[in-house]
Amino acid sequence: MVTKKTSPDLLNSFSFKSLKLKTKQQELLIRVSILGLVYVLAFIARLFSVLRYESMIHEFDPYFNYRTTLFLTEKGFYEFWNWFDSESWYPLGRIIGGTLYPGLMVTAALIYWALRFLRFFVHIREVCVLTAPFFASNTTIVAYFFGKEIWDTGAGLVAAALIAICPGYISRSVAGSYDNEAVAIFALLLTFYLFVKAVKTGSLSWALGSAFGYFYMVSAWGGYVFIINLIPLYVLVLLITGRYSMRLYVAYNCMYILGMLLAMQIRFVGFQHVQSGEHMGAMGVFLLMQVFYFLDWVKYKLNDTKLFQTFLKITVTSAVLVGGIALGVGTASGYISPWTGRFYSLLDPTYAKDHIPIIASVSEHQPTAWSSFMFDYHILLFLFPAGLYFCFKRLSDATIFIVMYGLTSLYFAGVMVRLILVATPAVCLISAIAVSATVKNLTSLLRTKQKIPQAGSTKGVGSSKSSSKVTLDQSQPFQKNGAIALLVGVFYLLSRYAIHCTWVTSEAYSSPSIVLAARGAHGNRIIFDDYREAYYWLRQNTPTDAKVMSWWDYGYQITAMGNRTVIVDNNTWNNTHIATVGRAMSSYEDEAYDIMRSLDVNYVLVVFGGVTGYSSDDINKFLWMVRIGGGVYPVIKEPDYLVNGEFRVDKGASPKMLNCLMYKLCYYRFGELVTEYGKPTGYDRARGVEIGNKDVKLEHLEEAYTTSNWIVRIYRVKPPTNRL
Amino acid sequence: MSETSLPSFTLPSPMTVFALILLTYFLVISGFIYDVIVEPPGIGSTQDPYIIEGLSSGFMFVMGGIGIIMLDLALDKNRAKSVKASYATAGVSSIVIGYVMSMLFIRIKIPGYLH
């Protein structure tokens, strides 16, 4: 039997002789150390690719962000804000200052300048690479405070730990993934936390904080539309469930007005908050709040209930009518623009497939299959419904918010794979509530049973149990053992979660995409660095004013690493320009040459995976080029390139396919190559067939460079022959 | 602060709303939207997502979640002991079965899982 006397002895034996910590201080120490460990864990879990390869920027979009950050640190803020880039979208150019979200670049530049001020002279690339893990660590701290608001400190700690390693978040915030989402998720959670705090306390300063958080979010990512629609929806739900209060009034009004004014400072957003259909919900709820306040005041002034009821009916109907008429007039006159395609396809998922092939072609925009959910969330999928149950048991303003955030974001995650990222904080928080509540239940089971033998006197728990003490005596050890077994089970599940997350991060989400790796015949790792090889060749062996035509996927990388002008890039803001490139790639060489001359193209770059078996190459993307080109130029018809509805490159392929520019550029000289032992020459390893047209002759282009594994091929456009 | 709510409008109880939400959660997690848009076959032998797999794994997740809820109900003080014990066993068995089946599903889907 443990007596109270041993605890000071225990402390003394740890040689904290002069440091007798009280319980509250012990608790604080445990909490701070847990948060510190979680902070470090979130950072180092994202460093796999830096340790395996090197510190480099991954994928496609981050290269644009890196280039703009470089420009910002070299030329200063005003040059950056007014930058017109003539190196992309030749000959149109791009107004970069007005068409990007500056939050990420400004954040990285500030960190860079702060480090330089402290005399740490790091390269801006290192700062860019490590921005995402740094902000992921900060997100765990915000998650802790948010969990504390919604439930209690235990839930906050669990939420911080879960979100530190959740694969749904890691996928877009590994070291090297220098993209808007790295900073945006931090801003999102911060805004939500500050707003919930404002609603809970009704204080103007917290509402002000949430307005600034919203401003940071608007500057960082286009997904801010989620915030400006979720918060009004939340306010509406509170109004419907009869939870209108002065705190809500103060919080929402301050946040909406200030947030809207601050958001208009970003040129890319401009006046959308008053002109775009996606932002009208917030304005409608704002006006509704004023109506509620007015009704409240009238009810207070007017002490007659019956008169008030009639007044209520009249006001509500007239308010709805006026609002509806205003909305109708605005939409009909064109002042309020309708929902843009990207966001409309979230409400109607079939829209993009039929009407906008560019949106449909991006793999991240596909709806989510069940395996993606399982892969990214593991046991959080079990804990989520349980957490919802606990929230519904203890409904308050804060729990209603997290339930709404979780449900709306999970629905959108089901529509588009990329949005699993937005749902991750909500899923982690709600799961943390489930874990914390269950563990609390189980440990209270352990504790109350212990107190009964000791508390022979006054304690309330003991006295209420004393009458049933006799009947419970026999089951006490059984229940205690059961509780201990269940606690072990909970820890086992959480440890399996940690193992799963580490495995997923290491295997699936730490690939830089620009450097490919494969296992050789003896199990050794082979690295394909062809992309960077090609871009550096471009940088060093072509004239500085050369223009490069390629499919839009590679645009950002060519401008950032090759430092050459491109025709189209990943911004995809001009569909007709992309369709022109698509048409050129899918036409015969003569027509394509005319198009290329009209665009002043000097070099053409294609990606080819036939030698290595790399399957994300231009031949596999070719049908999208045809569809997008055909969407603008009806002369390009998709059935011309298919045989019986099937896409083939072997002998049975359609003649148009065998002679189009993309085919010729990819398979030039490939017919002489032996790629696999025992197969004929010209065997395409990515498609698994022998190609149909092995004797490719180019008339207007000549081969300039092919990388060592034939992944990137560059061709020079010959000037027109002299007329005689 | 006040009850200025719209006239003649009774709200459903929280638990009714929760039951509806659980149903929509089941649909979303099974990849229902993916099934509606991409229309994969019901069942097959290659490594693609299929409808029946999605629905059964979604059911496993919901079962696991309900198991945890039943555990919480079992620890509620105001019930008879036998009811509490049956809730506890049902809850624990739901969680165990749900977890084991989900792990089995993921090992089928991803051949190199945890290697």
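Let me start at Ser276 of chain A. Leaving aside neighbours within four places in sequence, Ser276(A) is in contact with Ile336(A) and Ser337(A). This is a predicted model, so please hear every value as computed from it. Ser276(A) sits in the loop between α14 (272-275) and α15 (280-301) of chain A. Is Ser276(A) buried or exposed? Its relative accessible area is 5%, and under 20% counts as buried, so Ser276(A) is buried.

Now the chain around that loop. Chain A has 724 residues, and 52% of them count as buried. Its secondary structure comes to 33 helices and 11 strands. The C-alpha trace of chain A spans about 115 × 75 × 60 Å along its principal axes. For the accessible surface of chain A the figure is about 32200 Å², with 61% of that belonging to carbon and sulfur atoms. On contacts within chain A, take the ones between residues at least 6 apart in sequence: 72% of these join residues at least 24 apart.

Next, salt bridges. Over all chains, a search of the whole structure finds 29 of them. I will go through a few.

Arg172(A) and Asp179(A) meet through their side chains in a salt bridge, at 3.2 Å from N to O. Arg172(A) has 15% relative accessibility and counts as buried. Asp179(A), at 7%, counts as buried too. These two residues belong to a network of salt bridges that also links Glu181(A) and Arg418(A).

The second pair is Arg247(A) with Asp397(A), where the N to O distance in the salt bridge is 3.4 Å. Which parts of the chain does this pair tie together? Arg247(A) lies in helix α13 (residues 246-263) and Asp397(A) in helix α22 (residues 397-415), both of chain A, so the pair ties together parts that are 150 residues apart in sequence. As for burial, Arg247(A) is partly exposed, with a relative accessible area of 32%, whereas Asp397(A) counts as buried at 9% relative accessibility.

The third pair is between strands. Arg713(A) forms a salt bridge with Glu703(A), and the closest N and O atoms are 3.3 Å apart. Arg713(A) is in strand β11 (residues 712-717) and Glu703(A) in strand β10 (residues 701-706) of chain A, with the two positions 10 residues apart in the numbering. Arg713(A) counts as buried, at 0% relative accessibility. Its partner Glu703(A) is partly exposed, at a relative accessible area of 23%.

One more arginine, this time for its polar contacts. Arg532(A) is in helix α27 (residues 530-541) of chain A. At 17% relative accessibility, Arg532(A) counts as buried; the cut-off is 20%, so this residue is on the buried side of it. What does the side chain of Arg532(A) make a polar contact with? One partner is the side chain of Glu54(A), at 3.3 Å. Another is the side chain of Asp529(A), with a polar contact of 3.0 Å. Beyond four places in sequence, the residues in contact with Arg532(A) are Glu54(A), Met56(A), Ile514(A), Val515(A) and Met561(A). Glu54(A) therefore turns up both in that set and as a side-chain polar partner of Arg532(A).

That leaves chain B. How many residues of chain B are in contact with chain A? There are 55, and they touch 54 residues of chain A. The two chains bury about 5000 Å² between them, and 77% of that is on carbon and sulfur atoms.

Across this interface the rule finds 1 salt bridge. It joins Asp72(B) to Lys393(A), with the closest N and O atoms 3.0 Å apart. Polar contacts across the interface come to 6 residue pairs, with both residues of each at pLDDT 80 or more.

On the side of chain B that touches chain A, the elements giving two or more residues are α1 (14-29), α2 (32-38), α3 (51-74) and α4 (81-109) of chain B. Of these, α3(B) gives the most, with 12 residues. By residue class, this side of chain B divides into 36 nonpolar, 13 polar and 6 charged.

To go back over the interface: 1 salt bridge, 6 residue pairs in polar contact, and about 5000 Å² buried between the chains. I will stop there.

Note on methods
Residues numbered from 1 in each chain as written. Chains lettered and ligands numbered in written order. Predicted model: local features only at pLDDT ≥ 70, side-chain atom pairs only at ≥ 80, totals over all residues. Heavy atoms only, no water. Contact = heavy atoms within 4.5 Å. Buried area = accessible area lost by both parts, 1.4 Å probe. Salt bridge = Lys/Arg side-chain N within 4 Å of Asp/Glu carboxyl O. Polar contact = N/O pair within 3.5 Å; in protein donor to acceptor, adjacent residues only side chain to side chain. Helix = DSSP H or I, 4+ residues; strand = E, 2+ residues; numbered from the N terminus. Nonpolar A, V, L, I, M, F, W, Y, C, P; charged D, E, K, R; others polar. Buried < 20%, exposed > 50% of the residue type's maximum accessible area, 1.4 Å probe, protein only. Areas by Shrake-Rupley, 256 points an atom, 1.4 Å probe, with all protein chains shown as cover.
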